[in-house]
Amino acid sequence: MNEFKITTEFITISQLLKVLDYVTSGGEVKFFLMDNEILLNDQLIFERKKKIKPGDIVTINGTRILMTWFKT
């Protein structure tokens, strides 16, 4: 399982997809969510603004990512 560290309370699925280079712009997110399987804690999601918090597990087309805090 991969790990992704965030420094804020949450990150949206749109922001995560951009940071991970699945999409290059916010406009592409809607289509990416329609054409790919995105799970948040094993529940299918379609919302671009869905909040992802530390401890959550995001699965993008079978690739699991554990969200963790980045402590400065």
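Asp-21 lies in the loop between α1 and α2. The model is predicted. In this model, Asp-21 has a positive phi of about 65°, although Asp-21 is not a glycine. Its relative accessible area is 66%. Asp-21 is therefore exposed, since the cut-off for that class is over 50%.

A positive phi is also found at Asn-61. Here the angle is near 50°, again in a residue other than glycine. Asn-61 is placed in the loop between β6 and β7. Strand β6 spans 57-60 and strand β7 spans 63-69. The relative accessible area of Asn-61 is 43%, and this residue is partly exposed.

The loop between α1 and α2 also contributes to an aromatic contact. The structure holds one aromatic pair. The partners are Tyr-22 and Phe-32, with ring centres 5.5 Å apart. Their planes meet at 55°, so the pair is classed as tilted. Planes over 60 degrees apart would count as edge-to-face, and planes under 30 degrees apart as stacked. Tyr-22 sits in the loop between α1 (13-19) and α2, whereas Phe-32 sits in helix α2. The pair therefore ties together parts that are ten residues apart in sequence.

The two partners fall into separate accessibility classes. Tyr-22 has a relative accessible area of 32% and is partly exposed. Phe-32 has a value of 11% and is buried. The cut-off for buried residues is under 20%, so Phe-32 meets it with its 11%.

Helix α2 also carries a charged residue, Lys-30. The helix covers residues 26-35. Lys-30 is partly exposed, at 43% relative accessibility. Together with Lys-18, Arg-48 and Lys-49, Lys-30 forms a positive surface patch. Membership of such a patch requires over 30% relative accessible area, and Lys-30 meets this requirement because its value is 43%.

A further lysine, Lys-5, lies in strand β1. This strand runs over residues 2-6. Lys-5 counts as partly exposed, with 47% relative accessibility. The C-alpha atoms of Lys-5 and Ile-38 are separated by 19 Å. Along the chain, Lys-5 and Ile-38 are 33 residues apart.

Terms used:
Residues numbered from 1 in each chain as written. Predicted model: local features only at pLDDT ≥ 70, side-chain atom pairs only at ≥ 80, totals over all residues. Heavy atoms only, no water. Patch = residues over 30% accessible without salt bridge, like charges linked within 9 Å, V, L, I, M, F, W, Y side chains within 5 Å. Areas by Shrake-Rupley, 256 points an atom, 1.4 Å probe, with all protein chains shown as cover. Salt bridge = Lys/Arg side-chain N within 4 Å of Asp/Glu carboxyl O. Lys, Arg positive; Asp, Glu negative; His and termini not counted. Charge placed at Lys NZ, Arg CZ, Asp CG, Glu CD. Helix = DSSP H or I, 4+ residues; strand = E, 2+ residues; numbered from the N terminus. Buried < 20%, exposed > 50% of the residue type's maximum accessible area, 1.4 Å probe, protein only. Phe/Tyr/Trp six-rings, centres within 6.5 Å; stacked < 30°, edge-to-face > 60°.
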